[in-house]
Amino acid sequence: MKNIIFIFKSAIDDFSRNKLRTFLTSLGILIGVFAVVVLIALGLGLKKYISDQFEAMGKNTIFLVPGRILSGGGFSGSASSFTGSFDNRDIEILKRIDNVVSVGPLTLKSIKVNGLIKEDFADIMFSSEVLPDIMGFEIETGRFFDKTDVTKRAKVVFIGNKIATDYYGSAENAIGQKVTVNNVKFMIIGVTKSKGGGGMGGPDYDSYLYGPYTTGYIFNPDKKFFRLMVKTTNENYVAQVKEDIKKEFLKRYEEEEFSVVEPTELLSAITSIFSVLNLILVAIAAISLLVGGIGIMNIMYVTVSDRIKEIGIRRAIGARKSDILSQFLAEAVLLSSIGGILGIALAYFGVFFAQKFFPAYIDLLTVAIALGVSSAIGITFGVFPARKAANLEPVEAIRYE
Amino acid sequence: MIKLVNVSKEYIIDSEYTFYALKKANVEIKEKEFVSIMGPSGSGKSTLMHIIGLLDKPTTGKVFILEREISKITDDQLSTLRNEFVGFVFQQFNLINKLTVLENVMLPTIYCRKELDFDPTDRAVEILENFGLKGKMNSYPNKLSGGQQQRVAIARALMMKPKLILADEPTGNLDSKTGHEIMMLLEKLNKEEKITIVLVTHETDIAAYAKRVIKIRDGEIV
């Protein structure tokens, strides 16, 4: 024990005498650890962001999408969610399945919104009264459209928070305003609370308008829907309902013509794609760790050559081969760990700034792995120079000038 | 205590020429002896000392330390013997310049595996005080005079209470006055502490401190 303390103390003494060399040697590991930790943090942030987007939808929701969108856990190559569509008969079929609470169809239309302060194109989603529940919307002012609005084909919409503020200035201002869609006037009856997010990973639900699908028939005379949302009694029935839907739909459609997906499935598919991308980036960054390790090995060989005489002296007064080995190994591990610790510190700094734009975060596991990997690099690349030092013949080392 | 039987050390220079640093040397050193090994430079006296001090192994022949044949013991056991049984004093002092005087003297205890029967710091301080180096304990060796450095080296050699001190031209880098002071110190250790001393030198007056002189020339004991 005293030996270990002494070894580390003398290594630290040595570093403080060669501060610049120590820093430059650790720099490779520092940069490598920094890059790896930051990339993992971004990857984790992205994962969290995507799952947050999906979480709101609830675990008891099933989506029906035309075509094959998932195969074997990932998106299939020929994936396209816009080929084909569903109709009213599908809705009736779904409603007859056990444990289906409600069915919400979905169509999308791009419209021009003439707001009070802005005019631009936005998308309107036509669906049923179950939409807010399925999507996890909450009302800020006014109300959602209800079952009566759907039955009466009322010309009403509720709008995302961002639409309200961007086009009308505020949620209060938007209420009661009219939105014209192909000469049809819709009244704004509600504004949702902001769900945040948008950008990468998922749709920005704050930037849509939402109207009853029955009213939407005006622009959709074929009464076709590009999505159907199904809500089950609770999440335990999801698997059974999925099977039942498949069975029923196979009577009408070919297997490739529709997909029954859960948000969690989509989530895992998207996440797995990003995970692979992230892994590739991390692997590339890890190359710099390798280069840093070689730098440490190089400097350790120099150190051993510089200190042959010292090694001879230590051997003469009783140091074993293993003592010399651990001394130089400790220095290599310390060098790489210093780089690792500084790299992690710098990464915390970097991630702190990245958080202003992106939900990146560093978890404890990443830190533990980064520390583990950097000391492992010290051992791996330090062991060869250290073995060279340990295997020097004492008599030759002590005669060395 | 130490017995060398027909010990040779060969260096193969090329296929036709082998250099004998030591040729069939037979040496025996008894406990509490003060022996000097004398010979001109290149005579093989340093090789002899390195073999006695377990820093080097003979090409042929047998070396016995405390009745044990050293070719039969492991490198770790050799290290332990160097640590506990032998103390070295070199011409070049061979102190580690980045360690303080005190740390240098205490260094052998770091490599000791057994329980020490003394406190390392207390013992190091005591020896250094006896050697008149009280004020120099936290200095670095390269700030000291040659005589002081050699005293630090002797202090380090004494640290583990060795049975044997090997001194390789300990006065070679010192002026004659300091050299004699160092020799008197070694003489005192032999007389008072009963430590066996093997001294390597080419100077007759230095060799004269020893009670027995082994002469060596061209690798052969004469």
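**Notebook: chains A and B of a predicted model**

I began with A:Glu92, which is partly exposed, with a relative accessible area of 40%. I kept in mind throughout that the model is a predicted one. A:Glu92 sits in helix 3 of chain A, a helix that covers residues 88-96. I then took the C-alpha distance from A:Glu92 to A:Val103 and got 8.9 Å, for two residues that are 11 apart in sequence.

Next I looked up the record for chain A. UniProt, in an unreviewed entry, places the feature "transmembrane region" at residues 20-46, 276-304, 325-354 and 360-384 of this chain. I checked two of these spans against the model. Residues 20-46 of chain A are 100% helix and 0% strand, and their end C-alpha atoms lie 38 Å apart. Residues 325-354 of chain A also come out as 100% helix and 0% strand, with 42 Å between the end C-alpha atoms.

For chain B I noted that UniProt, again in an unreviewed entry, lists residues 2-222 under "domain: ABC transporter". In the model that span is 33% helix and 27% strand, and its end C-alpha atoms are 19 Å apart.

I then turned to the contact between the two chains. How many residues does each chain bring to the contact? I found 28 from chain B and 26 from chain A. The area buried between them is about 2600 Å², and carbon and sulfur atoms give 53% of that. On the side of chain B, the residues that lose the most area to chain A are B:Lys98, B:Ile110 and B:Tyr111, which together account for 27% of what that side buries.

I went on to the polar part of the same contact. The count between chain B and chain A is six salt bridges. One of the pairs I looked up is A:Arg315 with B:Asp75, a salt bridge in which the closest N and O atoms are 3.0 Å apart. I also counted 12 residue pairs in polar contact between the chains, with both residues at pLDDT 80 or more.

Which elements of chain B supply at least two residues each to the side that touches chain A? I noted helix 2 (75-84), strand 6 (86-90) and helix 3 (101-110). Helix 2 of chain B gives the most, with six residues. By type, the residues on this side of chain B divide into 13 nonpolar, seven polar and eight charged.

Helix 3 of chain B deserved a second look. I found 10 of its 10 residues buried, so this helix is largely enclosed by the rest of the structure. Among the buried residues of helix 3 are B:Glu103, B:Asn104 and B:Thr109, as well as B:Val101, B:Leu102 and B:Ile110.

Last, I went through backbone angles in chain B, bearing in mind that most residues other than glycine have a negative phi. B:Asn6 is not a glycine and yet has a positive phi of about 50°. B:Asn6 lies in strand 1 of chain B, residues 2-12, and counts as partly exposed because its relative accessibility is 36%. B:Phe93 is another residue other than glycine with a positive phi, here near 65°. I located B:Phe93 in the loop between strand 6 and helix 3 of chain B. Is B:Phe93 buried or exposed? At 8% relative accessibility, B:Phe93 counts as buried, the cut-off for that being under 20%.

Note on methods
Residues numbered from 1 in each chain as written. Chains lettered and ligands numbered in written order. Predicted model: local features only at pLDDT ≥ 70, side-chain atom pairs only at ≥ 80, totals over all residues. Heavy atoms only, no water. UniProt positions renumbered as here; feature names shortened; annotations may be inferred. Helix = DSSP H or I, 4+ residues; strand = E, 2+ residues; numbered from the N terminus. Contact = heavy atoms within 4.5 Å. Buried area = accessible area lost by both parts, 1.4 Å probe. Salt bridge = Lys/Arg side-chain N within 4 Å of Asp/Glu carboxyl O. Polar contact = N/O pair within 3.5 Å; in protein donor to acceptor, adjacent residues only side chain to side chain. Nonpolar A, V, L, I, M, F, W, Y, C, P; charged D, E, K, R; others polar. Buried < 20%, exposed > 50% of the residue type's maximum accessible area, 1.4 Å probe, protein only.
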